[in-house]
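The following exercises concern backbone geometry and side-chain environment. Please examine the sequence and the model before reading each solution.

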Amino acid sequence: MGIESVLSEHRTFHPDQSFVSRANVSGMVAYEKLCTAANKNYEEFWANLARELIVWKKPFTKTLNDSNAPFYKWFEDGELNVSYNCLDKHLSSQPNKIAIIFEADNGDINNVTYKELYEKVCQFANGLKTFNLNLGDRVVIYLPMGIEAVVAMLACARIGLTHSVVFGGFSAKSIQERIKDAQAKLVITADVQFRGGKILPLKAAVDEAFILGGCESVVGNVVLKKSNDAIELKNKEVWWHELIKNQSKDCDPIYVNAEHPLFLLYTSGSTGTPKGVQHSSAGYLLHAMNTMRWTFDIKGDDIYWCTADVGWITGHTYVAYGPLAMGATQLIYEGIPTFPHGGRFWQMIEKHHVSIFYTAPTAIRSLIKASESNKESNPDTYDLSSLRLLGSVGEPINPEAWMWYYEKIGHHQCPIVDTFWQTETGGHVITPLPGATPLVPGSCTLPFPGIDAAIVDEAGHEVPWGTGGLLVIKKPWPSMIRTIWGDPERYKKSYYPEELGGKVYLAGDGAIRDKTTGYFTIMGRIDDVLSVSGHRLGTMEIESSLVSNPLVAEAAVVGKPHEIKGESIVAYVVLKGKRPEGDEAKAIVNQLRDWVGKEIGPIAKPEDIRFGDNLPKTRSGKIMRRLLRSLAKGEEITSDISTLDNPSILEQLKKTIQ
């Protein structure tokens, strides 16, 4: 692919010695020792971790079965229950420890201990049994963020049902597609959800999904009551509170095979039907626990907060399963980062004494912009001294956003774990370990111990450090995707293409390794690598350049077809100040084009720069780049935009500054 390295970031931040001395992985020597152990005897490395961290009902004797590659199996003759590993095992040692601190959109707080969470899960699991479901039947969960969402997931795991969580911002069509593809037997939803001071319907979207058809597999619908509105339930529908009434607070776990599908999580590509990513029980749980231990350096007294919704993989691994399996206390929040003001996150960190904070670059960049609007939104207003570790997830973080996060939120004291991973990987695959890895802004640094990551060309040959290429993982690992539900051929074609030999996992991202340190920098999806006059440019590097300008809060870059150059660069920019118009806008366009030319080179200058008050984002804060590509091409947007938090932004971003 031949992307040349144009990111010239060399600022390095070493972990503080006091952090290193207490860290679960202490110093680079300890990190290298783990990597050496994995390289020396790969299967034994993972087997030892699985025996150490997981409580097995029936211990495994086989570690890896690669006889039908790329359909790998791990610990396949072992038996366990994931819910038991998250709840029951803590009951004798810490029944009264707070498991979840829940803060509602309106600020109400509700805490549950491990014993109380166990009882809630058991009651709900007993309620689910009344539907006469069979082992492995699929259950679609469409709930707002909260304790009940976690309860629903763990209750499914407790009795061997395979859940498929659908993010609460998704449309009726998205729900219908997932029910139909998974042939789900049950739907668990709520009447409404509260976000940013608004009441948003959920059950109405499920009702509409049923009308769209293809949902004949569903035998029941459980509805959580969140509002005071009177709603009549139809046949096959039951209120959550009615379902659990008189149910026992104990429920024996059903032990399943290590490879039993714990969940399906659908990822929607820009084209084609959503892919049901299938994850196992044991291998997935193992990596969730071990990354909590090594990446987040989790300790017994931490208050941990991952801001992700359970509708995404981050909310599965680092809200529902990882923290609870490690016995942590975590904060769960129902709302959005900017309601009722842009300081909500910082206020909550102060209030709950959060020590580990994990959020997305899109949230960070929007909060940088908000911090300049009023005192309430400025992080300097709050006491953030409880923080000891920060994390970033979801996309590469621009170096300047990284620096703001490090200086303004971490006060130069908190390592930042910039974690690279995917729905398909189950957990972190490239990430700093905070007590070991020297940090470089914008780089996810080095592979997690046991992950054999590399960068190759289109023929599968490794490229020299300093040369861009395709990111791959050369060996299987326990938390990897097992297949695409109902479509094994698509699984092979998408992730194990024959062009690369059929046994190497293709991440779908372009990446580059630093010539000196070997640190990885993700350049964006392969689709996001532009070819401008024969030069290969990662959209991420142009975005990083724009965001490093003092005027810019956020930027997204896409390509559009160009008769001469092949592709031209279109940049959508959110400024820290007001959205400019007229001559002021033209002047800033010229200034930003010159800035990019100086930072990267003339070839990277955007041909078209457009300004907006924000970028089009889902309610979880993810930028919808496919819409930006359509706008760049001048296409009418006819696709479903019901997941957008701010559809009015699209009109602003249509306007080209002449």
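This is a predicted model, in which local features need pLDDT of at least 70, side-chain atom pairs count only at pLDDT 80 or more, and totals for chains, interfaces and linings use all residues. Residues are numbered from 1 along each chain as its sequence is written, and side-chain values use heavy atoms, with hydrogens and water left out.

**Exercise 1.** Determine where Pro-70 is placed and which residue a cis peptide bond joins to Pro-70.

Solution. Begin with the location: Pro-70 is in the loop between β1 (64-65) and β2 (73-74). Helices (H or I, at least four residues) and strands (E, at least two) are DSSP runs, numbered from the N terminus. Next, inspect the peptide bond: Ala-69 is joined to Pro-70 in cis, with omega about 10 degrees.

**Exercise 2.** Describe the surroundings of Lys-245.

Solution. First, Lys-245 belongs to the loop between α9 (240-244) and β13 (256-257). Second, its relative accessible area is 46%; Lys-245 is therefore partly exposed, a class between buried (under 20%) and exposed (over 50%), using a 1.4 Å probe and protein chains only. Third, the C-alpha atom of Lys-245 is separated by 9.4 Å from that of Phe-124, 121 residues apart along the chain.

**Exercise 3.** Characterise the backbone and accessibility of Asn-246.

Solution. Asn-246 lies in the loop between α9 and β13. Its phi is positive, about 70 degrees, although Asn-246 is not a glycine. Finally, the relative accessibility is 74%, so Asn-246 counts as exposed.
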